[in-house]
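Please walk me through this structure, beginning with the contacts that its aromatic rings make and ending with places where the backbone does something worth a second look.

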Amino acid sequence: MNVRKGEEFADQSYARVVFDTMREGFVVLDEQSVIRLANAACESMFGYPTGDLLGRHISLLIPGWGGDDDAAEGRREGGSSFPIDLSRAEAMVDGADHLVCVIHDLTDEELLRHNASIDPLTGVLNRRDLLAKGGAELERAGRYGHPCTVLMLDIDHFKSINDTFGHAEGDVALQRFAAACEEILRQNDMFGRMGGEEFAIVLPETNSEGGH
């Protein structure tokens, strides 16, 4: 009997170590979607002390709870939203239906994807992403017979700016040029830096006259 209790205690101890050291958030919900168990990762992810989560509805952490999508948005204690991936599994606990949820914070992954598509100096699309998105838009326009215009832009005598004032001032000139272009573009226009002082703009639903 003592051996059996020791084995059970060891099993519970190992399970608790795994539960508390998981990087993903882990919650167990009852049939009313009330949180009955939450691990330490939930506290660091959402900002609420674990004890404050118990007995609260899961919508406190996931306002859009109720849909079938695995992708959702989480909400931190301060009210800010962040992207999450949500996995769910049904489980029977003490004869009652429960839902086990594993929550993965996608903030860093979203940031990496964003940075991979942005020119670090000017903050506009980089060459690769502009060619990909712009090419897709041109293909769509050709398929459905819609107008689409591409503008190529470069800064005249840009080399003289670098030679006269230095590369740091040349970088500022590129940033200001990009900012000025973004101010007058529509939300669905695609603007990117092709390299050096060369930029391009893809104008969906715009004919050549409208692109002037």
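The paragraphs below turn to aromatic rings, then to charges over rings, and then to two backbone positions.

The model is predicted, and the values discussed here are computed from it. Counting rings of Phe, Tyr and Trp as paired if their centres lie within 6.5 Å, the structure holds three aromatic pairs. One of these pairs joins Phe177 and Phe199, whose ring centres are 5.1 Å apart; because their planes stand at 50 degrees, the pair is classed as tilted, this class covering what is neither under 30 degrees nor over 60. The two partners come from distant parts of the chain, since Phe177 belongs to helix H7 (residues 167-184) while Phe199 belongs to strand E8 (residues 198-204), 22 residues apart.

The surroundings of these two rings can be described through their accessibility. Phe177 has a relative accessibility of 23% and so counts as partly exposed, whereas Phe199, at 0%, counts as buried. Phe199 also pairs with Phe191, and here the ring centres are 5.6 Å apart with the planes at 25 degrees, so this pair is stacked. Both Phe191 and Phe199 are buried. Taken together, Phe177, Phe191 and Phe199 form one aromatic cluster, in which Phe199 takes part in the tilted pair with Phe177 and in the stacked pair with Phe191.

Aromatic rings elsewhere in the model have arginine side chains over their faces. Arg76 lies over the face of Phe82, at 3.8 Å from the ring centre, and Arg88 lies over the face of Trp65, at 4.5 Å from the ring centre.

The last part of this walk concerns the backbone. Which residue in the loop between strand E6 (148-154) and helix H6 (158-165) deserves attention here? The residue is His157, which has a positive phi of about 55 degrees although it is not a glycine. Is His157 buried or exposed? With a relative accessibility of 67%, His157 counts as exposed, because the cut-off for that class is over 50%.

Glu205 likewise has a positive phi of about 55 degrees, although it is not a glycine. Glu205 lies in the segment after E8, and E8 is the strand that holds Phe199 of the aromatic cluster. The relative accessible area of Glu205 is 40%, so this residue is partly exposed, whereas Phe199 in strand E8 is buried.

Key. Residues numbered from 1 in each chain as written. Predicted model: local features only at pLDDT ≥ 70, side-chain atom pairs only at ≥ 80, totals over all residues. Heavy atoms only, no water. Phe/Tyr/Trp six-rings, centres within 6.5 Å; stacked < 30°, edge-to-face > 60°. Helix = DSSP H or I, 4+ residues; strand = E, 2+ residues; numbered from the N terminus. Buried < 20%, exposed > 50% of the residue type's maximum accessible area, 1.4 Å probe, protein only. Lys NZ or Arg CZ within 6 Å of the ring centre and 35° of its normal.
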